[in-house]
Each structure stands twice: as C-alpha cells, then as structure tokens.
Amino acid sequence: MFCFLLDSRLHIIMEEKQFDAKSLIGYALLFSIAIWFFYTNKPTEEELEAQKQEQIAQEQKEIKASADEAIAEFAPSVAAVDSLAQLAAFQKLGKFGFSQTLASANGGETVLENEVLLLKINNKGGYISEAKLKNFKTYDSIPVYLIKDGKNAHLGINFTTTDNRVLDTKDLFFQPTVSKIGDNQQLSMKLKVSETQFLEYLYTMKPKEYMLDFSVRSQGLEGLLDVSKPIDLNWDLEALRHSKSNTYENRYTEVVFEYENGRDDYTGQGDFKEEEAEDVTYVAFKQHFFSSILLTENAFKTGKFTSSNLIKDEEIDTLKLKKFTAQLPLDVKSGNINYQMNWYYGPTDYKILNSYDKNLDEVVSLGWGIFGWINKFLFIPLFGLLSGMLPAGIAIIVMTILVKLGLSPVTYKSFVSQERMKVLKPEIAELNEKYADNAMKKQQETMKLYGKAGVSPMSGCIPALLQMPILYALFSFFPSAIALRQKGFLWADDLSSYDTIINLPFKIPFYGDHVSLFPILASIAIFFYMQMTTGQNMPAQTQPGMPNMKFIMYLSPVMMLFFFNSYPSGLSLYYFVSNLITIGIMLVIKNFIIDKDRIHAQIQENKKKPKKVSKFKQKIQAAMDQAQQQQEMAKKK
C-alpha cells in the first residue's frame, strides 16, 4: 500500500512538473514509513521454518498420492512400504516391480552344500553365483571354482511383457525359500508379481552328487508375457584357469552340445567359434578336467553357441581361458513356462558322466569312431583297474607292458617281413643297377622277384597299420585321464601336465620356457626304434624328387621332442616305455626266435615252386607288359 502511495505521489509531481522542498520532504517521510512497515512485519526464523515444513509435507502428500495410485493400478495386494521406491519400480518394471518391494530385493545369497559341491545362489537373478568343487585343487593348491564371486557366469531369461517392457531376470530379485525333502536340499527362487503370480527356479541338491535337479516354471503369468516375441534363456560363462599350462588347458576347453536325439558336436578351437543346432538336449561348457553342463528333458527347439578365446598373450592372460555363451529359446504353453532340467558342476570324468545315462560321456575327449571305442571299452576299464591297485606312474608302465604283449604277434609278423626283405636286398640291388634307365622294367622285375620269393612289401606295413588305432586311442586317452591329475611319479609332480627339470629364463618358439625330461627320453627311444626298423633298410640315395628318408628319420624324434614338451608327462612316459619294450621284443625276436638261414632257404625254395597267379594279377602284369612294349617302341622311333 505504501509503495502504491509513493508511486502515486511521484506521478503527480512528475505530471505537474513540480519539484519543491515540501514535496521532497513528503516523499522522504513516505519512504521511511514504508521501510519501517516492512521491517516490523518481517516473519521470524521460526515462521520461515514452519512455512518450509508445510511446503515439504504438501509435496510428499502429492507424491504419496501418485504412488498409491500406481500401486493400486499394478498390484492392489502390495502393502506400501516405501511409496517413492515402489513408484520407481512399478514405472520401470510394470507388475514385475512387485519383486523389488520385497525384503529379498536387498540382496543376499543362499548356500546349498553336500559332500562334493558347494553352491551359492544369488537373490539377484536367482542363478548360481558360485560353484566350488570341494575335493579338487588347482595347480597352485587353491580350491577349484567353476564360478566365483558371481563375476564369471550369468543366467537370465529375456522376455517382453504385454505392456511392451523388455526385461531380463538376471537383473531382477528373486525370493528364496529353503526346504528339506528327505536327504535332499531344495531351494525355491521366485520372481514374484504377486503372492500367487511368479516365475520360479527350483534347485534340488542330493547327497554326494555333482548333478542337481533344476526346473523353471511360471504360474499366473498368462496375461503378462508377450508370447509373440522371443523368450530366451541366456547362459554365459568365462572359464577359469585350473592347470599349470593355460595354453594347454585351453586346447581342451570348448562348448559341447547334444542335439537331434543323441547326436553331439562341439565348437572347437579358435579365437571365435559359433555353432547352431536344433532340438538341443544339453550344452556343456567344458574345461579340460571340469565342466558346467545344463541338461533339459524338454528339448530346446534351437540353440546358438559361441566360444571366444580370452588368451591373447599367454604371459599376460593367465586367469581365464575362453568365454562361452548359449542362447536357448523357451516354449510357452497356455501362457506359462515349464521346463524340467538339470545342472552338473563337476569333473570331466568319464566314469561319473557315463553313470548318469544321458550321453554325457561324449563331453570327454576320447577320440572319434574306433579310437573312442577302444578307450571306452579297453583302456578306461584297464587303467581304472590298475590305478585302483597301483600308483598312477606304475599303472601306466604295467598297462604299457600289457598293451605291448597283446600286440607282440603283430610286432613279430612285421619283423619277420623285414628280415625277408633283407634277404632279397642284394637281388633287388642288382635289378636296380641292371634297369637303372628303365623304371617300368625295374618295377616289373622287382614284383616278379617278390612273387617268386613269396614276399610282399606290404606285409610289413599291414601289422604297423593294425597298431595305429591303439596308438591314436592312447594319444586321446592320456590327456583326458583325470585319474592322472596331480598324481606324481619320479620327478614329475603331475602326470596330467608336463614335467619340468629346468626352467628356462627365455622362451623357445614351439618348445616353451621349460625342459621336460620324459619327452627327451621318449624321443631317444623313438630314434633307436626307427633305426632298428627302417635305418638298416633305408637306401643311401633316393630318387630325384623323393624326400631324403634318412633326414626324416633324424627329424622325426626332434619334432616329437618339441611336440611332447608341453603334453602330459604320462603320455611321454607311455611312449618312452612303449618304445623300450618294442626294442626289447625286437631284439628277442631277432636273436632268439627268427632263424635267418631258415628264412633264406624258404625264399629259395619258394622261387623253385610254380606260383599260381590270380586273374587280377595276370591283368595287371599284362597291362604292365603292354606299357613296356609301347615304351620300347617309342624309343625305337
């Protein structure tokens, strides 16, 4: 009011263009009265604070009203605990925001444990955040974890709601409930929409088992899931290192999966591998000696799997091996999900995996075809029997002796064939000299000589070929034999890994930064074996364009030395003992069993006897004769 009077008085003065002393005094008095009025009517600090609190209370009242309205719309049964937090949860997650209002949304883990396995299941995501194998240690004596601290593995179901929200269960909170059913522990993890509407993970752990029952089901979500859009189960895991050589362990780390009623396949090695399959019944994230496996009774219609190498530099990348992912679409029936599955967290042990009768033995790398059969039905049972009675190193030696004794008839036939070829060596040399300028004629006369003498150059190769499946099967057996893991022998502290007698201060390409003794011994034994079997029969010179066989004979043991330096010492031990035994058997056969004079006499006798030639050989001989005639005619022209 005083401001209005002052303003009015100024206007009058300005309009009348009057500006005398009386007017100035009047203006000053009015201004003083205005200042005095404002000062005497200023609110106190108590009044200002009261006004502020009243404003805050009004704002909170408005927010609460909005939150209550949202809660009433989304979940009428929810008791309001914190309206502001609930409002944010429901606005972001829709009806699934109810799960964020429960006490379990504060985090936490539930432990399931038996004699062999310890699991932790996190409220956030409801999946296994830690898996510890209680009876195993890493190469540096740390407990073996397949999942640790919830950092290297995640499981989630990605889906779209009918109100067009895209959600992932790994980011939402489940409510845990633990119960006991006989000797079994059961954990229910529920992602709740209300007390009667939820998505549930149900874990059942049995005593002394690495395998868990696991089911995924939903209840009352018929109108909440948009079934026209994909609902995918996504599982990823970064494989943790457990062995002395991260590079070697990585060689046997891959994704293995079963599809189409029992067929199996794997992603293999490489920086990045991707595979797809239909009707998938299990997927295994396999490490060298340990595996994480998800199995299902209701086959997933499709599956997409990837494997990414995490070791770019083996000196720097020492903690993890590969990253695996699996994308598995889920079927929805009558608006809900229902899958009966299993989890396996445990050793990649053929005996254990085969006991479940779910084709899990294919996870173990035993070789394909006949090589895998030899391992499954011969070497695994045999080594299991021997290692149950003897130390692992002695069991390898005894098994090697038994294998070599079993193959001794084949070795005998091969050696007899070599001795027969030695008897004919002077005559073959004469033919080579006589027909040095006519390769076809030389070949014809050589074959005739073999025929008369009753000797076949292939007779020495066939016995060797018969031994090849055994050798290849053992080459797959030893790297996969978990029974050798951390079992020592002589200077080797772990027969499943390389032995070390010297650590080098530098790294040799393709060899490594260490010296292993068993590969050296195996290479020396291989050299002497090759010297005995091929060295004496090897020609001094080779034909132009042909490889130098003597060079190959010397090169092969050196290549084996480099190749075996990072392989399991158990494999090198086998090859060393095997070649020693073979050399011993050959010396016995040569000096005490084979009579060279009798072989020579038998060959001479065979030459005198008319030998019946098959029609096939007659045709071959006729063709060679015709080719020889044409060649001679061409020379004359």
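Is Phe 214 buried or exposed? In this predicted model, Phe 214 is buried, with a relative accessible area of 3%. A good place to begin, then, is with this ring and its partner. Phe 214 forms an aromatic pair with Tyr 203, and the geometry of the pair is tilted, with 4.9 Å from centre to centre and 40° between the planes. Tyr 203 belongs to strand β9 (residues 197–205) and Phe 214 to strand β10 (residues 211–219), so the contact ties together parts that are 11 residues apart in sequence. Tyr 203 is buried as well, its relative accessible area being 0%. Because that value is under 20%, the ring partner of Phe 214 falls in the buried class.

The pair has plenty of company, as a search of the whole structure finds 33 aromatic pairs. Aromatic residues also gather into a cluster, whose members are Tyr 248, Tyr 252, Phe 379, Phe 383, Phe 475, Phe 477, Phe 478, Phe 563, Phe 564, Tyr 567, Tyr 574 and Tyr 575.

Rings are met by charges too. The charged end of Lys 148 sits over the ring of Tyr 145, at 4.0 Å from the ring centre. A similar arrangement involves Lys 190, whose charged end sits over the ring of Phe 198, at 4.2 Å from the centre of that ring.

Attention now turns to the second largest pocket, which has a volume of about 760 Å³. Its lining consists of 27 residues, and those that lie nearest the centre are Tyr 266, Ser 365, Leu 366, Gly 367 and Trp 368. By residue class, the lining divides into 12 nonpolar, eight polar and seven charged residues. Two strands, β12 (254–259) and β13 (263–266), and two helices, α7 (370–387) and α10 (461–480), each supply at least two residues of this lining. The largest share, five residues, comes from α10.

Helix α10 also holds Tyr 472. This tyrosine is partly exposed, with a relative accessible area of 45%; the class follows because the value lies between the 20% and 50% limits. Along the chain, Tyr 472 and Asn 375 are 97 residues apart, and their C-alpha atoms are separated by 9.8 Å.

Key
Residues are numbered from 1 along each chain as its sequence is written. This is a predicted model: local features need pLDDT of at least 70, side-chain atom pairs count only at pLDDT 80 or more; totals for chains, interfaces and linings use all residues. Side-chain values use heavy atoms; hydrogens and water are left out. On a 1 Å grid over the protein atoms alone, a cavity is a set of points where a 1.4 Å probe fits but cannot get out, and a pocket is an open set with protein on both sides within 12 Å along at least five of seven lines; lining residues have an atom within 4 Å of a point. Grid points are joined across faces, edges and corners, and a volume is the space filled by probe spheres set on the points. Helices (H or I, at least four residues) and strands (E, at least two) are DSSP runs, numbered from the N terminus. Ala, Val, Leu, Ile, Met, Phe, Trp, Tyr, Cys and Pro count as nonpolar, Asp, Glu, Lys and Arg as charged, and the others, Gly among them, as polar. Rings of Phe, Tyr and Trp (its six-membered ring) pair if their centres lie within 6.5 Å; planes under 30 degrees apart count as stacked, over 60 as edge-to-face and the rest as tilted. Buried means under 20% relative accessible area, exposed over 50%, partly exposed in between (1.4 Å probe, protein chains only). A charge sits over a ring if NZ of Lys or CZ of Arg is within 6 Å of the ring centre and within 35 degrees of the ring normal.
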